[in-house]
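Dear colleague,

I am passing on the structure below, and I would be glad if you could look it over beside my notes, which follow it.

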Amino acid sequence: NLIKDLLDVSRIAAGKIRLELRPVDVARIIKDAHDVVASAAAAKGITLNLDLDTTACSVLGDSDRLQQVIWNLLSNAIKFTPQGGWVEVRLVRRETKAEITVSDTGVGIRSDFLPHIFESFRQAQGKQSRGGLGLGLAIVRHFLELQGGTVHAASQGDGHGSTFTVNLPLTRDRS
């Protein structure tokens with residue numbers, strides 16, 4: 001995964017990422033990512049909840065890259081949530097956008113680090129540090145921006161969990 005992340009960052013920096021944009025069922029993408037991380041959550045005793053509004057949530061996107069985005073957010077939530085905690089993924093329609101939230105009861109994000117959370121090679125220190133290169137969330141942001149989407153992080157600080165909110169434009173024929 002580290003090598004894949006480095007290659008993705010290199011392609012992003014060089015402007016060589018190619019996306020295959022087509023209508024994508026966001027609920028299916030979330031379910032598939034959920035299935036990939038479910039065993040990791042179970043191994044830590046973390047409850048993994050899905051709350052998916054499956055009506056009219058088709059977006060124009062690259063299904064592989066969107067799955068990578070969701071997988072990355074879920075993996076981080078599981079990694080930073082202690083045993084016995086919970087992670088929830090919600091999908092709702094907000095007018096012309098699909099909104100995906102990934103919330104957890106993890107270690108949280110310090111307020112001084114929150115503005116830097118999506119920068120490459122940046123990682124919080126202390127309780128929040130868990131190894132890696134600090135590329136995953138930068139990749140998430142770039143892939144979403146390339147598909148017309150956005151991502152926002154929120155946390156009340158150390159020990160209060162975090163919430164990542166993704167917005168993607170719905171396909172025109174379903175909005």
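I begin with Thr101, which counts as buried because its relative accessible area is 13%, where buried means under 20% relative accessible area, exposed over 50% and partly exposed in between, with a 1.4 Å probe and protein chains only. Please bear in mind that this is a predicted model, in which local features need pLDDT of at least 70 and side-chain atom pairs count only at pLDDT 80 or more, while totals for chains, interfaces and linings use all residues. Residues are numbered from 1 along each chain as its sequence is written, and side-chain values use heavy atoms, with hydrogens and water left out.

Thr101 sits in strand 5; helices (H or I, at least four residues) and strands (E, at least two) are DSSP runs, numbered from the N terminus. Apart from its neighbours within four places in sequence, Thr101 is in contact with Glu88, Val89, Arg90, Thr163, Phe164 and Thr165, a contact being heavy atoms within 4.5 Å.

Phe164 also takes part in the one aromatic pair that the structure holds. Its partner is Phe118, and the pair is edge-to-face, with 6.1 Å from centre to centre and 90° between the planes; by definition, rings of Phe, Tyr and Trp (its six-membered ring) pair if their centres lie within 6.5 Å, and planes under 30 degrees apart count as stacked, over 60 as edge-to-face and the rest as tilted. The pair links distant parts of the chain, since Phe118 belongs to the loop between strand 5 and helix 4 and Phe164 to strand 7 (residues 162-169), 46 residues apart. Phe118 and Phe164 are both buried.

Thr150, in strand 6 (residues 150-154), counts as partly exposed because its relative accessibility is 46%. Beyond its neighbours within four places in sequence, Thr150 is in contact with Leu144, Thr165, Val166 and Asn167. Of these, Leu144 is among the buried residues of helix 4 (residues 136-146), which also include Phe143 and Val140, and just after helix 4 comes Gly148, with a positive phi of about 80°.

Helix 2 deserves a closer look. Its 18 residues (residues 26-43), at 1.5 Å a residue, should span 26 Å, and the end C-alpha atoms are 26 Å apart, which agrees; the expected span is 1.5 Å times one less than the number of residues. Helix 2 nevertheless bends by about 45° at Val37, the bend being the angle between axes fitted to the seven residues ending there and the seven starting there. Val37 is itself buried, as are Val26, Ala27, Ile29, Ile30, Ala33, His34 and Ala41 in helix 2, and what covers the buried residues includes strand 1 (22-25), helix 3 (63-79) and strand 5 (97-104). At the start of helix 2, a side-chain oxygen of Asp25 comes to within 3.1 Å of the backbone nitrogen of Ala27, and after the helix follows Gly45, with a positive phi near 70°.

For the chain as a whole, the secondary structure comes to four helices and seven strands, in the order α-β-α-β-β-α-β-β-α-β-β along the sequence. Of its 175 residues, 47% count as buried, and among contacts between residues at least 6 apart in sequence, 71% join residues at least 24 apart.

With kind regards

Note on methods
Polar contact = N/O pair within 3.5 Å; in protein donor to acceptor, adjacent residues only side chain to side chain.
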